[in-house]
Each structure stands twice: as structure tokens, then as C-alpha cells.
Amino acid sequence: MEMTPQRWANTSAYLREVFGREDEQLSTLMARAVAAGLPAIAVSADVGRLLKLLTSLTNSGRGARLVLELGTLAGYSGIWLARGMAPSGKLITVEFEPRHAAFARAEFDRAGLGAAVDIRTGAALEVIPVIADQLRAGSLPAPAFDVIFFDAVKTEYPEYFRLCKPLLAPGGLLIADNILGSSFWIDDPPGSSPQRDAVDAFNRLVAADPDFEAAGVPIREGIMIARKIR
Ligand SMILES: C[S@@+](CC[C@H](N)C(=O)[O-])C[C@H]1O[C@@H](n2cnc3c(N)ncnc32)[C@H](O)[C@@H]1O
């Protein structure tokens, strides 16, 4: 069966329709964010549910104790992630734009997740080492992250991986959005964009890493799910 652009669009719409059920807050969140001037670049509802499901399966099925997200935007994916955590779980989410962080703060509070979510404003490459120091000092609620989700700057994915690998618990999940496309698509020629090449390098890096078991899931713009096996 041939995959045409129309069939891909229909397939994505079908997945959203069948698997993308949302509550009232989530179904209106991005429209409110766009009205407030934020860009419409959140994950889709079916991807959000996958994030929640995966997060709930970590920590031996009890739900994640500690989750790290890079790229908060309006809090849409963060709410899904936080809903998959253990009851005492914490989400640390990193956002460069103070305006995005402020919008997301209000949404986390509205979702009843105010105490569970810690938004760090700054550039991910600067904030991750601070978080690593806090983990080492024992000042975070768990000694390592059960889930780390990449969704900030695509050209920085290989560096995020280098910095975040030691922060992930054995058995923990690394999840990354846009492993097939964003402003690029993965079958564009090598060298056609720094984003494409960085994401391709990241995909190959994780796939070849003996400490990870990784899969690429062709949903929306592509999600990587990689389990740290040791
Ligand atoms: C694709 S959006 C995140 C979408 C969000 N994860 C969701 O699905 O609801 C990427 C976000 O990363 C933020 N960002 C850009 N540069 C960043 C950086 N260096 N560090 C952290 N966040 C950054 C952008 O401001 C934007 O809000």
C-alpha cells in the first residue's frame, strides 16, 4: 500500500480522533496560548496521551517520581507528562522564554499541578548542569529522572543527550519529539539544514548506544522512545 501525503494526513487525523481524547482544559489550551501570542507548536493530543502512558509505566509501573522536560511552551505536553507521574511525582520543565513560562505556570496551577511542577526559565544547555548539580547534592525528590523528554532546540539534541544520559535512572525513558521532522523532514538530503543533520546524528547516537534500547515511532513528526537498560 503506497503512503501518499494525503494518506499520511488522513492517518494523523485518524490517530488524533481515536486516541486524542482530551479534557476541557487541554482541548482549549493551545487556542488560548495562540490568542496570547504563543506559537502553535505543541505536540498533538495523541502524542500527549502517549507521553502520559509511557510516564505511568516507569518506576516499575508506579509512575515516574521525577520527570525532566526541555521545552515547556504553554504547558500542554507538561500536563500530559505530569498526569502520568506517581502521586508524589515532580516535573521539572525548562523554558527559555519567560512569557511562555508564565503562561504555562497558570495552566499547571489550573490543572491542579501547581505543587508538582517546577518551571526553570533559561536555556536548556545552561539549566541542565544546574539540575545535575542538584541531583548530585540530593536536593531533588529522587536521585535520577525516570523520564526525560526533549522538545526544545533541535540542533541541540545531541548535546542534550550527552548531558542528560547520566541523569536518567536505569530503566528510565528518554523520549524525544521531532525525530522525523519539524522545519525539515528526515529524508531531506544530508547538509540541507542544521536541524535535519543534528536530529539525524541524535537518532543514530542513541540507536548505537549500548546503554539504550531505542525505537522510532512515526506518529506526527516522529517520537523516539529509548529505555536506559543499564
Ligand atoms: C516545540 S516548543 C515545546 C512544546 C511543548 N513541549 C508542548 O508540546 O506542549 C519548544 C519550546 O522550547 C523553547 N525553547 C527555545 N529555546 C530554548 C532553549 N535554549 N532552552 C529551553 N527552551 C527553549 C521555546 O521557547 C518553546 O517554547
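The legends below describe close-up views of a predicted model.

**View 1. The largest pocket and its lining.**
In this predicted model, the largest pocket has a volume of about 490 Å³. Its lining is made up of 29 residues, and of these Ile 41, Gly 71, Asp 151, Ala 152 and Val 153 lie nearest the centre of the pocket. Sorted by the character of their side chains, the lining residues divide into 14 nonpolar, eight polar and seven charged. Among the elements that contribute to the lining are helix H4 (76-83) and strand E2 (85-95), each of which supplies at least two residues. A general point helps in reading such a view: rolling a probe the size of a water molecule over the atoms shows where empty space is left.

**View 2. Helix H8 and the elements it packs against.**
Helix H8 runs through residues 194-208, a stretch of 15 residues, and it reaches 21 Å from its first C-alpha to its last, close to the 21 Å expected at 1.5 Å a residue. Within H8, the buried residues are Arg 196, Ala 198, Val 199, Asp 200, Phe 202, Asn 203 and Val 206. These buried residues pack against helix H7 (157-164) and against four strands, namely E4 (145-150), E5 (168-177), E6 (212-217) and E7 (223-228). When following the helix by eye, it is useful to recall that an α-helix has 3.6 residues a turn, so residues three or four places apart point the same way.

**View 3. An aromatic pair between helices H7 and H8.**
The structure holds eight aromatic pairs, and this view is centred on one of them, formed by Tyr 157 and Phe 202. The centres of the two rings are 5.2 Å apart and their planes stand at 75 degrees, so the pair is edge-to-face, a label that applies to planes over 60 degrees apart. Because Tyr 157 lies in helix H7 and Phe 202 in helix H8, the pair ties together parts that are 45 residues apart in sequence. Tyr 157 is buried, with a relative accessible area of 0%, and Phe 202 is likewise buried, with a value of 0%. Both rings belong to one aromatic cluster, which also includes Phe 150, Tyr 160, Phe 161 and Phe 212.

**View 4. Leu 26 and Glu 24 in helix H2.**
Leu 26 has its place in helix H2 (residues 24-35) and is buried, with a relative accessible area of 2%. Leaving aside neighbours within four places in sequence, Leu 26 is in contact with Tyr 76, Ile 79, Trp 80 and Arg 83. Glu 24 also lies in helix H2, but at 52% relative accessibility this residue counts as exposed, because the term is used for values over 50%.

**View 5. Thr 55 in helix H3.**
Thr 55 lies in helix H3 (residues 45-57) and is buried, with a relative accessible area of 0%. Not counting residues up to four places away in sequence, Thr 55 touches Gly 63, Ala 64, Val 67, Leu 81, Gly 84, Met 85 and Val 147.

**View 6. Trp 185 in the loop between E5 and H8.**
Trp 185 is partly exposed, with a relative accessible area of 31%. Not counting residues up to four places away in sequence, Trp 185 touches Leu 180, Arg 196, Arg 220 and Glu 221. Of these, Glu 221 is 36 residues from Trp 185 in sequence, while the two are 8.5 Å apart in space, C-alpha to C-alpha. Arg 196, another of the residues touched, is one of the buried residues of helix H8.

Methods
Residues numbered from 1 in each chain as written. Predicted model: local features only at pLDDT ≥ 70, side-chain atom pairs only at ≥ 80, totals over all residues. Heavy atoms only, no water. 1 Å grid on protein atoms, 1.4 Å probe; cavity = no way out; pocket = protein on both sides within 12 Å on 5 of 7 lines; lining within 4 Å. Points joined across faces, edges and corners; volume = space filled by probe spheres on them. Nonpolar A, V, L, I, M, F, W, Y, C, P; charged D, E, K, R; others polar. Expected span 1.5 Å × (residues − 1). Buried < 20%, exposed > 50% of the residue type's maximum accessible area, 1.4 Å probe, protein only. Contact = heavy atoms within 4.5 Å. Phe/Tyr/Trp six-rings, centres within 6.5 Å; stacked < 30°, edge-to-face > 60°.
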